[in-house]
Amino acid sequence: MNKTVALHTLGCKLNFSETSSLGRLMENAGFEKKNFDDVADVYVINTCSVTENADKECRMLVRRIQRKAPEALVVITGCYAQLKPKEIASIPGVDLILGAAEKFNIVAHITDITKGDSTKICSCDIEDVHEFTASHSLNDRTRIFLKVQDGCDYNCSFCTIPMARGKSRSDSISNVIANAEAIAEQGGKEIVLTGINLGDFTSSPALLQNEKGVAKTKLNKQQAAGNFFSLITKLDKVEGIERFRISSIEPNLLTNEIIEFVSKSKKFMPHFHIPLQSGSDKILGLMKRRYKKELYKERISLINTIMPHACIGVDVIVGFPGETDSDFMETFNFLHQLDIAYLHVFTYSERANTAAADMAAVVPVNIRHERNKILRNLSYQKMQYFTKVHIGETRKVLFETKNKNGLMEGYTDNYIKITTPFNALWENNIIEWKI
Ligand code: SF4
């Protein structure tokens with residue numbers, strides 16, 4: 001009988017796509033995939049370093065595994081595994097920890113260990129991680145998350161991601177196109193382009209060597225011609241894929257050229273997710289973000305002008321050190337007057353080894369939570385308003401599979417969620433829908 005594997009993702013869409021790829025690697029090696037709640041021979045947890053309780057969540061999941069399958073091998077990978085391997089090694093029941101460079105060598109590492117051995121840590125200094133490994137989700141969802149970029153060269157003062165994921169690096173455009181074509185062949189209809197700093201996509205030198213005959217190692221980012229704009233213009237021509245979404249893009253990298261292109265494209269959906277983090281220039285400076293609120297406003301205004309139906313989501317952090325009541329009100333007022341659809345609100349929490357963790361003027365935790373509540377309320381109202389504006393319109397909805405309640409869900413081009421009783425004919429199909 002085949003050995004079995006169950007996988008679980010904590011964190012973002014990029015992690016989700018990587019977990020899918022890890023699952024496929026295990027399946028190709030003869031493992032049968034199981035649900036995480038089932039009993040399996042191997043459990044893989046792909047962790048996150050952004051969620052506040054990464055360590056607690058990880059411990060809780062390992063305890064759950066130990067209760068139902070004490071003989072199973074437990075593998076921990078992902079950002080938390082890269083940042084704190086020793087901390088994870090102290091969790092009883094963990095057998096193997098795979099850092100950023102070793103994640104995709106999981107099959108080789110698994111065959112090397114036996115339950116009961118001491119915990120094995122396979123990790124290296126993040127500075128030594130340069131390789132890019134493409135990954136995408138498939139058969140997990142109708143919308144497929146395709147990873148095209150990894151790592152980040154920015155140094156936002158609150159963020160541990162560059163320490164967990166390393167320098168910015170990307171796939172080659174030709175490889176992304178090949179992956180998109182393969183996804184189309186397997187019936188995928190919508191691809192969500194994902195990356196850590198997606199707008200920083202720079203087609204890998206290998207592509208330029210292939211396409212233009214330029215020496216691979218001599219290229220740097222300035223020389224490389226394949227930027228994010230080139231990528232999306234080429235993807236737009238891939239047959240079979242009906243929709244693309246850009247998962248999240250930094251405002252300074254979301255150029256007018258990209259916005260104008262999306263407004264004319266039939267395949268790139270009118271949906272943007274643009275991190276703001278604060279509506280106060282003072283706080284943006286402390287955060288070491290690479291833009292001021294004015295630039296952000298200009299981007300939103302251009303989108304609103306040429307795509308009034310577009311859905312715009314915004315990330316914002318509350319309670320950053322130094323954020324006074326009036327800084328927070330500045331953020332609130334800024335967001336209030338912006339024509340956007342929803343907010344993702346994060347409460348600031350200290351992260352070891354970041355510049356922000358050493359900043360004085362710490363905001364008391366209860367105030368951070370109060371501010372979070374205020375912005376969540378604003379987000380709710382924005383979403384209600386955005387949805388109401390489109391009532392009565394007919395828009396295209398891509399329906400996903402049956403959910404637990406016998407219903408199905410789908411999203412319009414501009415990311416309005418539609419829920420309706422399941423109809424097999426609509427699954428993974430685009431339907432004209434009166435909202
Ligand atoms: S852009 Fe800033 S917040 Fe985003 S991953 Fe890079 S350092 Fe972190």
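In this predicted model, one open sheet is built from 4 strands in the order E7-E8-E11-E12, and the pairing within this sheet is mixed. Strand E7 (135–136) and strand E12 (243–246) stand at the edges with a single partner strand each, so one side of each has no neighbour in the sheet. The pairing of strand E11 (residues 190–194) with E12 is parallel and extends over 4 bridges. Within this pairing, Leu 193 has Ile 246 of E12 as its bridge partner.

A further open sheet contains 6 strands, arranged in the order E2-E1-E3-E4-E5-E6, and here the pairing is parallel. Its edges are formed by strand E2 (32–34) and strand E6 (120–122), each of which pairs on one side only. From one strand to the next, the twist averages 20°. Strand E1 (residues 4–9) pairs with E2 in the parallel sense, over 3 bridges, and in this pairing the bridge partner of Val 5 is Lys 33 in E2. Helix H1 (residues 13–28) packs on this sheet, where it touches E1, E2, strand E3 (42–47) and strand E4 (73–78), and the direction of the helix makes about 175° with that of E1. Helix H2 (residues 54–68) lies across E1, E3 and E4, and runs at about 170° to E3.

Attention may next be given to the charged side chains. Side chains of opposite charge can pair when their charged atoms come close. In the model, the count of salt bridges comes to 22. One of these joins the side chains of Asp 150 and Arg 169, with a distance of 3.6 Å from N to O. Because Asp 150 belongs to strand E9 (residues 149–150) and Arg 169 to strand E10 (residues 169–170), this pair ties together parts that are 19 residues apart in sequence. Asp 150 and Arg 169 are both buried, and they also take part in a network of salt bridges that links Glu 18, Lys 103, Lys 147, Asp 150, Arg 165 and Arg 169.

Helix H13 supplies acidic partners to two further salt bridges, which are described in turn. In one, Asp 327 is paired with Lys 282, and the closest N and O atoms are 2.6 Å apart. This pair links distant parts of the chain, since Asp 327 is in helix H13 (residues 325–337) and Lys 282 is in helix H11 (residues 281–287), 45 residues apart. Asp 327 has a relative accessibility of 7% and therefore counts as buried, whereas Lys 282, with a relative accessible area of 43%, is partly exposed. In the other, the side chains of Glu 330 and Lys 293 meet at 2.9 Å from N to O. Glu 330 lies in helix H13 and Lys 293 in helix H12 (residues 293–306), so that this salt bridge ties together parts 37 residues apart in sequence. Here Glu 330 counts as partly exposed at 30% relative accessibility, while Lys 293, at 18%, counts as buried because the limit for that class is under 20%.

A last position to be considered is Ser 379, which is placed in helix H14 (residues 365–389). Its relative accessibility is 10%, and Ser 379 therefore counts as buried. When neighbours within four places in sequence are left aside, Ser 379 is in contact with Ala 341, Tyr 342 and Leu 343.

Methods. Residues numbered from 1 in each chain as written. Predicted model: local features only at pLDDT ≥ 70, side-chain atom pairs only at ≥ 80, totals over all residues. Heavy atoms only, no water. Helix = DSSP H or I, 4+ residues; strand = E, 2+ residues; numbered from the N terminus. Buried < 20%, exposed > 50% of the residue type's maximum accessible area, 1.4 Å probe, protein only. Contact = heavy atoms within 4.5 Å. Pairing = 2+ DSSP bridges. Axes fitted to C-alpha atoms, helices over the stretch in contact; angles between N-to-C directions. Salt bridge = Lys/Arg side-chain N within 4 Å of Asp/Glu carboxyl O.
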